Amino acid sequence: MKNNLKSTLAIVVLFAAIAIFILTGAAGWLVNTIAGRTAAAATQEVDPAAAAAEVGMEALGNVDYEAGIDAWLEKLCAVSTADGCEMFTDMSADKVAENMETYKTDQTCTATALKAVSVEENSQIWILEYSATGWEEVTSELVAVAVERGEDGVWKFDMILPVPQDALVELLTPTPAPQK
């Protein structure tokens, strides 16, 4: 009877050890799976062309009254193509300087890239959503922005394209697949 009890106890301990091993392995797998998914979701890669579009739009819209027009142009040109810098200098600098004197305050702008609507090897067009405060309150406006990749491989802000809001909204709206 003593041997029988020892055998039964050994089998119970063995099964308990196997159950614990399986449960801890399953729990570990579950934790790693959940943590892996969370980490993957948190580390989505940022598209460098989208980032250039956002940074460019924000450089165009962020104006530091105290720093002045030259500082605004310097920041904008640092993230823009040479053609973009020349265009903004020629077409926007006087209006920005005038607004600085009129409002005597800063303007801030935030932009978020929503969708690439044209993708070429060295140029892309992105639809951005932006908001601005300070001079004029602009909330959730859409704008089409062109970016170009330079010979150094770096994406730069090039220009804002004159596309009406309703056309941009249409570009963002998914179209249903044709029915068969």
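Helices and strands are taken here as DSSP runs, of at least four residues for a helix and at least two for a strand, numbered from the N terminus. On this basis the protein chain of the predicted model has 6 helices and 4 strands. From the N terminus on, the order of the elements is α-α-α-α-α-β-β-β-β-α. The protein chain holds 180 residues, of which 26% are buried. Among contacts between residues at least 6 apart in sequence, 55% join residues at least 24 apart.

The largest nonpolar core consists of 29 residues, and within this core Trp72, Trp126, Leu128 and Val147 touch the most other members. Two or more residues are given to the core by each of the helices α2, α3 and α5 and by each of the strands β1 (108-119), β2 (123-133), β3 (138-149) and β4. Helix α2 supplies the largest share, with 7 residues. The surroundings of Val147 were examined with its neighbours within four places in sequence left aside. The contacts of Val147 then include Ala49, Ala52 and Ala53. Val147 is also in contact with Asn122, Ser123, Gln124 and Trp126, and further with Trp155, Lys156, Phe157 and Asp158.

Helix α4 spans residues 82-91, and Gly84, Cys85 and Phe88 are buried in this helix. Viewed down the axis of α4, the buried residues fall within an arc of 100°, so they line one face of the helix. Exposed residues are found on the other side of α4, namely Ala82, Asp83, Asp90 and Met91. The packing partners of the buried residues of α4 are the helices α2 (48-61), α3 (69-78) and α5 (93-103), together with strand β4 (155-161).

One of the buried residues of α4, Cys85, takes part in a disulfide with Cys77, the two sulfur atoms being 1.9 Å apart. The count for the structure is 1 disulfide. The torsion about the S-S bond of Cys77 and Cys85 is about 80°, so the disulfide is right-handed. Cys77 and Cys85 are both buried. Another cysteine, Cys109, has a relative accessibility of 5% and therefore also counts as buried.

The loop between α3 and α4 contains Ser80. With a relative accessible area of 4%, Ser80 is buried. A polar atom of the Ser80 side chain lies 2.7 Å from the backbone oxygen of Leu76. When residues up to four places away in sequence are not counted, Ser80 touches Cys85, Phe88, Lys156 and Phe157. Of these contacts, Cys85 and Phe88 are among the buried residues of α4. Lys156 and Phe157 also appear among the contacts of Val147.

A search of the whole structure gives 2 salt bridges. In one of them Glu98 is paired with Lys95, and the closest N and O atoms are 3.6 Å apart. Both residues of this pair, Glu98 and Lys95, belong to helix α5, where they are 3 residues apart, about one turn of the helix. Glu98 has a relative accessibility of 46% and counts as partly exposed. Lys95 likewise counts as partly exposed, at 46% relative accessibility. The other salt bridge links Lys104 with Glu101, with the closest N and O atoms 3.2 Å apart. Glu101 is partly exposed, with a relative accessible area of 48%. Lys104, at 49% relative accessibility, is partly exposed as well.

Backbone torsions were also examined. Lys104 is placed in the loop between α5 and β1. Phi of Lys104 is near 50°, which is a positive value in a residue other than glycine. A positive phi is also found for Ser140, a residue other than glycine, with a value near 55°. Ser140 lies in strand β3. At 39% relative accessibility, Ser140 counts as partly exposed, since that term covers relative accessible areas between the limits of 20% and 50%.

Technical notes
Residues are numbered from 1 along each chain as its sequence is written. This is a predicted model: local features need pLDDT of at least 70, side-chain atom pairs count only at pLDDT 80 or more; totals for chains, interfaces and linings use all residues. Side-chain values use heavy atoms; hydrogens and water are left out. Buried means under 20% relative accessible area, exposed over 50%, partly exposed in between (1.4 Å probe, protein chains only). The arc is that of the directions from the helix axis to the C-beta atoms. Contact means heavy atoms within 4.5 Å. A disulfide is a pair of cysteine sulfur atoms within 2.5 Å. A nonpolar core is a set of buried Ala, Val, Leu, Ile, Met, Phe, Trp, Tyr and Cys residues joined through side-chain atoms within 4.5 Å. A salt bridge is a side-chain nitrogen of Lys or Arg within 4 Å of a carboxyl oxygen of Asp or Glu. A polar contact is a pair of N or O atoms within 3.5 Å; within protein, one must be able to donate a hydrogen and the other to accept it, and residues adjacent in sequence count only if both atoms are side-chain atoms.
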